[in-house]
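User: I would like to learn how to read strands, sheets and helix packing from a model, taking one feature at a time. Could we begin with burial and then move outwards?

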Amino acid sequence: MSDEKKIPYKIYLEENEMPDSWYNVRADMKNKPAPLLNPGTLNPLTFEEMRGIFCDELCRQELDDTTAYFEIPEEIRKFYKMYRPSPLVRAYCLEEKLQTPAKIYYKFEGNNTSGSHKLNSAIAQAYYAKKQGLKGVTTETGAGQWGTALSMACAYLGLDCQVYMVKCSYEQKPFRREVMRTYGANVTPSPSDTTEVGRKILKEFPGTTGSLGCAISEAVEAATAQEGYRYVLGSVLTQVLLHQSIIGLEAKAAMDKYGIKPDMIIGCAGGGSNLGGLISPFMGEKLRGEADYRFIAVEPASCPSLTRGKYVYDFCDTGKVCPLAKMYTLGSGFMPAPNHAGGLRYHGMSSVLSQLYDDGYMEAVSVEQTSVFKAAQEFARVEGILPAPESSHAIKVAIDEALKCKETGEEKTILFGLTGTGYFDMVAYGRYNDGEMSDYIPTDEELAKGLAGVPKFPGNEI
């Protein structure tokens, strides 16, 4: 017990201990993620085809599955130092509340104005856009964390920023929207009548409150219709997981500093940016046979791509203007319920995480939103942080695992990702506190409708 007390509540790395490179977990994967496909030819997407949508350097990062480390440019590292390294926190108070022998740690990514981990990739993508001499970027955002982060990065570098925000979040989170506008971003509720694909979606789904798939379609159209603009994405793509590896690299360095080895690593899973970033260096050790860990992806029961989806090629967006990605998907036409899973309401999953899950390196569970908010409330009352709804999915399962340790007496070490704060999610907290929140789980029939739209070609049968 005396040794334990030597571990502080918050473990910070020194500035000179910050990682100077991002880690590409694909380099250590025996089975590489399947390539993106051109939906017209069904051939792997080439650099030339990709560069019409993304910045050139980001295309190179997206296509490279052999280089293990990418040096972080000095200007990005300088920006990181404003809010990194982020703390690794020992949840002593939560452990005491639960009366569990488990040791619980969380990597806290909410200590910046965007309130989340999204800034790690936003500044990288904006930097490469600026370096290429572009005028601006377009993007989508669900809960608003990615849009907020990108607006901050663009303001810092002097780029125009156009954000298509999922309509239900645009209405539920007006303060998040205003933060984006304060940083100079133009914010449009999606689906909108400002794009051809938006008008098409509104016609097909009258009154829809939108989805990330809808917003992606509009943002891509907006980028390709304007000279000097490119599209940037806050999750799903392998380039994003690469940038977010800073989370896991710092977490591992902090744990190594005190001789701590986690038994299990838990993260919320929507598109995969947070979970992929947190687990990457640990997964690398597992893939190389150097260590073993249990990885748990937690997704909303209302949008269960890993636990109830199919592993096939599908469109990344509802409007079917993006490339095809092989991933666990509910179908690009799946419209999630307008609940409070926020940025986790995406029909698919990162190709990297999908491959790792299919190969058996990772587990997945789905949880209902009322249980998620119950866990969030319990965490907030003892740890002093109001967590984002997305992060609270990981908190829910971390608590469940800690309680299992209480039953068995096992002293396991748990690490989870606290992706951000929930101070802009008070409509959701209000509905939970007022007893107005309910759980929604799609039926098999509802999922079948979405999956019916998966493109059909040889080798892509469901």
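Analyst: A residue counts as buried when its relative accessible area is under 20%. Please keep in mind throughout that this is a predicted model. By that cut-off, six of the seven residues of strand β7 (residues 160–166) are buried, so β7 is largely enclosed by the rest of the structure.

User: Which strands pair with β7, and in what sense do they run?

Analyst: Pairing is read from the bridges between two strands, of which at least two are needed. Strand β6 (residues 136–141) pairs with β7 in the parallel sense over six bridges, and strand β8 (residues 186–190) is joined to β7 by five bridges, again running parallel. To fix the register on the β6 side, take T139, which stands opposite V163 of β7. On the β8 side, Y164 faces T188, and V166 has S190 as its bridge partner.

User: What is the order of the strands in the sheet that contains them, and which strands lie at its edges?

Analyst: The order to read is that of pairing across the sheet, which here gives β8-β7-β6-β9 for an open sheet of four strands with parallel pairing. Its edge strands are β8 and β9 (229–231), each of which pairs on one side only. From one strand to the next the twist averages 20°.

User: How should I read the helices that go with this sheet?

Analyst: One can look at the connection between strands and also at what packs on the sheet. For the connection, β6, helix α7 (residues 145–157) and β7 make a right-handed β-α-β unit. For the packing, helix α11 (residues 212–224) lies across β6, β7, β8 and β9, and runs at about 170° to β6.

User: Is S151 of helix α7 buried or exposed, and which residues does S151 touch?

Analyst: S151, which is found in helix α7, counts as buried at 0% relative accessibility. Once residues up to four places away in sequence are set aside, S151 touches C161, M180, Y183 and A185.

User: Where does C316 lie, and what surrounds C316?

Analyst: For a loop residue, position, accessibility and contacts can be read together. C316 lies in the loop between β12 (310–315) and β13 (324–329), and C316 is buried, with a relative accessible area of 10%. Leaving aside neighbours within four places in sequence, the contacts of C316 are G213, I216, C322, P323, A325, M327, Y346 and H347. A separation in sequence can also be set beside one in space: C316 and M349 are 33 residues apart in sequence, while their C-alpha atoms are 9.1 Å apart.

User: What is the strand order of the sheet of seven strands, and what is the sense of its pairing?

Analyst: This open sheet has the order β1-β4-β5-β15-β10-β11-β14, and its pairing is mixed. The edge strands, each pairing on one side only, are β1 (10–11) and β14 (363–367). Strand β11 (residues 294–300) and β14 run parallel and are joined by five bridges, with E363 in β14 as the bridge partner of I296. Helix α12 (residues 238–257) packs on this sheet, where it touches β1, β4 (88–90), β5 (103–108) and β15 (413–418), and its direction makes about 140° with that of β5. Helix α16 also packs there, touching β5, β14 and β15, with its direction at about 95° to that of β14.

User: How do I read the packing of α16 against other helices?

Analyst: Read the approach of the axes together with the crossing angle, and then the residues in contact. The axes of α16 (residues 369–383) and helix α18 (residues 426–433) come within 11 Å and cross at roughly 100°, which makes α16 roughly perpendicular to α18. The contact involves T370, F373, K374, A376 and Q377 of α16, together with A428, Y429, Y432 and N433 of α18. By class, these are five nonpolar, three polar and one charged residues.

User: What is the crossing angle of α16 with α17, and which residues make the contact?

Analyst: The axes of α16 and helix α17 (residues 389–408) come within 8 Å and cross at roughly 85°, and the two helices are therefore roughly perpendicular to each other. From α16 the contact uses S371, V372, F373, A375, A376, E378 and F379, and from α17 it uses P389, S392, H393, I395, K396 and I399. Sorted by class, the contact has eight nonpolar, three polar and two charged residues.

Methods:
Residues are numbered from 1 along each chain as its sequence is written. This is a predicted model: local features need pLDDT of at least 70, side-chain atom pairs count only at pLDDT 80 or more; totals for chains, interfaces and linings use all residues. Side-chain values use heavy atoms; hydrogens and water are left out. Axes are lines fitted to C-alpha atoms, for helices over the stretch in contact, and angles run from 0 to 180 degrees between N-to-C directions. Angles under 35 degrees count as roughly parallel, over 145 as roughly antiparallel, 65 to 115 as roughly perpendicular and the rest as oblique. Contact means heavy atoms within 4.5 Å. Ala, Val, Leu, Ile, Met, Phe, Trp, Tyr, Cys and Pro count as nonpolar, Asp, Glu, Lys and Arg as charged, and the others, Gly among them, as polar. Buried means under 20% relative accessible area, exposed over 50%, partly exposed in between (1.4 Å probe, protein chains only). A crossover is right-handed if, with the strands pointing away from the viewer, the path from the first strand over the helix to the second runs clockwise.
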